[in-house]
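Student: I am new to this structure and would like to take a close look at a single part, the surroundings of the ligand. Could you walk me through that part carefully and then show me how the rest of the chain is arranged about it?

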Amino acid sequence: MAVDTHPLQSQLPKLVTRPLVAGRWVDGRPDLPVRDPTTGGCIASVSSATEEDVAAAIAAGHTAERAWRTVPAVERASLCATIADQLQSNSADIATIISSEVGKPLAESVAEVEVSSSFFRWASGQAPRAAGKVLASPSPSLALSTTVSPVGLVLAITPWNFPLAMVARKIAMPLALGCPIILKPSEQAPLAALFLAKLIQDAGLPDGVLSVLPMGPGTATARLLADERVRHVSFTGSATTGKRIHALLAGRSSVGWSAELGGNAPLLVLHDADVERAAAVTAIVKFRNAGQTCVAPNRIIVADSSYERFVEAFSVVVKQTVVGPWRDPAATMGPLKSDERAASVRGHLDDAELKGARIIGGAPCSPVGGQSGRFVDPAIVLDWTPDMLLAQEETFGPVAPICRGKSVGEMVELANMTNYGLAAYVFGSDLGLVTHVVDALEYGVIGVNQLASTFANAPIGGWRGSGSGIESGIEGTDQYLRPKLVATDVGPPLA
Ligand code: NAD
């Protein structure tokens, strides 16, 4: 009997595993095996884009610019609404794809599909609102106004950890506003992006407006970044890669750049916080996606007087974590994505231990049905200090470091000590104090007494080393629109 080597592909006939270029699913080069981190088994074989595919995608996107921007905004809006509907009606299949390529529990993947749909719905609402202004004029014979035009061809580069939501957040708005897009999803998890591309194509997007090029960094990717016809590069990924790509763009005469980079989120529990509640909600969010989220709290700082109570309450909730394969409905936390990730997390734990921290948990484990060696128990690191790697870098794993803060001033200082500035959290009851702490935190997103941070109608963007530019919200339209000033001689005013 023949062995099915690519089970996901045969289970989901709608899943195309080749590059989409100029409206055609091209052959590419079949060299990207996608593995389920749960078992290490190959679930699909994806073809990566060749240099010829890159050239054809750029040419198609450039050619599509004029036609796509002249499509009435209400029609682009309607297409985005259809895509949002399609995401919701295909939720079960897409969630299976996400869990298969990332390893997160199915319930998390279902939530990811829902939020992805909301990005398209929000973009659909923004498309017809793009508008210029009538400006005050310095003279009665001069009329000043602005119009807004889409910036042109956008290159979108996305990470693996939210393989659908990060793509949706990145492409929905430029698509709605009239920009053609070349999407380069992560080579580690390209399947959800390819499935979405098929839904978008079936919804009626004209050929060439969206090309999807699965591939890793290399010559073909460099060619995309170097081409002057690519007018804006929008990147989500690690701070290191972001810096590297930004440097590569430095030689270009004029190209837009926006970046959503990694974080190292502090979470402050002030002396008057509801400690038990803070511990419970933090423990749940911290270990979502096995801690592999950019906004996961990475440095917990608890007021001295509440430290013991917080650690105890936090430990009780963490103990309830069920580590297991995503197919197990009881599992609340899956494996790390790769052996490299597992080694990096281990490195942070070893470094912390060497520098004097006390570690609870964090050992490798082997749940039934999970065989890859990437499963680890959630770890609590007590008494982290600023010299530890986990205090300076993004750990991106199921590790919760907790330390004491002697005063509010010291807690804020510890919170701001890294160059990251994506998300931060504060728990406290005194509204005045919380307001001052929020004001002092140098972060783009701040959760107060809760940890939700992603909403389609709200702006998200990292400060300092965590990025530049804004996605979602009304502000999320700015990077994709250029204003054009129109100064018109209207002659003398009526007598
Ligand atoms: P990564 O930086 O390794 O890769 C991101 C993307 O960049 C991938 O598609 C990769 O192929 C591509 N890439 C890498 N080198 C490149 C090059 N030289 N030229 C062009 N493309 C290149 O990140 P990752 O491991 O996929 O994702 C995890 C990181 O993403 C974490 O740091 C996480 O915090 C961050 N992230 C940030 C946000 C946010 O909103 N700020 C959201 C999700 C993830």
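Tutor: By class, the shell around the ligand holds eleven nonpolar, 13 polar and five charged residues, where Ala, Val, Leu, Ile, Met, Phe, Trp, Tyr, Cys and Pro count as nonpolar, Asp, Glu, Lys and Arg as charged, and the others, Gly among them, as polar. This is a predicted model, in which local features need pLDDT of at least 70 and side-chain atom pairs count only at pLDDT 80 or more, while totals for chains, interfaces and linings use all residues. Residues are numbered from 1 along each chain as its sequence is written.

In total 29 residues surround the ligand, and the closest are Pro-159, Gly-237, Thr-241, Gly-262 and Cys-294; a residue is near the ligand if its C-beta atom, placed from the backbone, lies within 6 Å of it. Helix H9 (residues 239–249) gives the largest share of this shell, three residues, helices being DSSP runs (H or I, at least four residues) and strands likewise (E, at least two), numbered from the N terminus.

The shell also draws at least three residues from each of domain 1 (7–261 + 462–483) and domain 2 (265–448), with bounds that come from an automatic or database domain assignment. The C-alpha centres of domain 1 and domain 2 lie 31 Å apart, and 19 residues of domain 1 are in contact with 24 residues of domain 2, contact meaning C-beta atoms, placed from the backbone, within 7 Å. On the side of domain 1 that touches domain 2, helix H4 (91–102) and helix H5 (106–126) each supply at least two residues, and the residues of that side divide into six nonpolar, ten polar and three charged.

Turning to the interior, the largest nonpolar core has 83 residues, and Leu-164 is among those with the most contacts inside it; such a core is a set of buried Ala, Val, Leu, Ile, Met, Phe, Trp, Tyr and Cys residues joined through C-beta atoms within 7 Å, and buried means that 20 or more other C-beta atoms lie within 10 Å of a residue's own. Helix H6 (residues 165–177) contributes the largest share of this core, ten residues. A second, separate core of 66 residues includes Cys-294, which is also one of the residues closest to the ligand.

For the chain as a whole, 52% of the 495 residues count as buried, and the secondary structure comes to 15 helices and 20 strands.

Note on methods
A residue is buried if 20 or more other C-beta atoms lie within 10 Å of its own, exposed if 12 or fewer, and partly exposed in between; C-beta atoms are placed from the backbone. Two residues are in contact if their C-beta atoms, placed from the backbone, lie within 7 Å.
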